Structure formats: C-alpha cells, structure tokens
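Okay, thanks everyone, let me put this one up on the screen. I'll keep it short, and shout if you want me to stop anywhere.

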Amino acid sequence: MKWNYRVIAQKNEVGELIYGVHEVYYDDAENHQISCWSANPIVLYADSYETLQVMKDRYLLAYTKPVLIESELL
C-alpha cells in the first residue's frame, strides 16, 4: 500500500476548518484512490537524526499538493 503525507482540512466542533498533516494511504490500483488516512495529525519524531530529516522532507512535500477536504473524502 502506498502512502504519503498530505494536508487535510477537517471541521472542528464549531464547524470551522482546521488543518493538519496526516498520513494518507492509497489503494493498490492504478487510479491511486485514497483508501484511508490517519485520524490525528502527524507529529515528527524518530530514533535517529537522519531518519527525522527524511521524515521532515516527506512532510514538507505535503505542502506542495492540494489540500484535501475530509468531508469530500468520506
């Protein structure tokens, strides 16, 4: 299963949009449909500085892609 980090906009308890970076998983088909995403935004931490740098680079790529609206993914 393929995945990446994406910015997802979700409505909070008062209906305002809040934004976070989430892990997004895609089906294995050629159309790359989103199959699921992490419920909570990602916090970066790792067991080595080098791994953290790789994660940071992948995390920053999320900002180069369109924002996903959670209600449109359901």
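I'll start with the overall fold, then go through the strands, and finish with two residues.

So, first thing to say, this is a predicted model. The protein has two helices and four strands, and if you walk along from the N terminus, the order reads β-β-β-α-β-α. For a sense of scale, the C-alpha trace spans about 40 × 35 × 20 Å along its principal axes.

There are 74 residues in the protein, and 27% of them are buried. On the outside you've got about 5,500 Å² exposed, with carbon and sulfur atoms supplying 54% of that. And if you take the contacts with a separation of 6 or more, 38% of them come from residues 24 or more positions apart.

Okay, strands. β1 covers residues 2-11 and β2 covers residues 17-26, and those two run antiparallel, joined by 10 bridges. If you want one pair to find on the screen, go to I8, whose bridge partner in β2 is G20. The hairpin of β1 and β2 has five residues between the strands, and in there G15 takes a positive phi near 90°.

Then β2 also pairs with β3, residues 34-37, again in the antiparallel sense, over three bridges. Here the pair to look for is Y26, which stands opposite I34 in β3.

Now, two residues on those strands. Let's take Q10, which sits in β1. Is Q10 buried or exposed? Well, its relative accessibility is 14%, and the cut-off for buried is under 20%, so Q10 counts as buried. And what does the side chain of Q10 make a polar contact with? That would be the side chain of E70, at 3.0 Å. If you leave out the neighbours within four places in sequence, Q10 is in contact with E16, L17, I18, H22, A39 and E70.

The other one is Y19, over in β2. Its relative accessible area is 55%, and exposed means over 50%, so Y19 is exposed. What makes up the nonpolar patch on the surface that Y19 belongs to? Y19 forms that patch with L17 and V67, and together the three have about 300 Å² of accessible area. L17, you'll remember, was also in the list of contacts for Q10.

That's what I had, so let's go to questions.

Key. Residues are numbered from 1 along each chain as its sequence is written. This is a predicted model: local features need pLDDT of at least 70, side-chain atom pairs count only at pLDDT 80 or more; totals for chains, interfaces and linings use all residues. Side-chain values use heavy atoms; hydrogens and water are left out. Buried means under 20% relative accessible area, exposed over 50%, partly exposed in between (1.4 Å probe, protein chains only). A polar contact is a pair of N or O atoms within 3.5 Å; within protein, one must be able to donate a hydrogen and the other to accept it, and residues adjacent in sequence count only if both atoms are side-chain atoms. Contact means heavy atoms within 4.5 Å. Two strands pair if DSSP finds at least two bridges between them. Patches are made of residues with over 30% relative accessible area and no salt bridge: like charges are joined within 9 Å, nonpolar side chains (Val, Leu, Ile, Met, Phe, Trp, Tyr) within 5 Å. Accessible areas come from the Shrake-Rupley method with a 1.4 Å probe; for residues, only the protein chains shown count as cover. A salt bridge is a side-chain nitrogen of Lys or Arg within 4 Å of a carboxyl oxygen of Asp or Glu.
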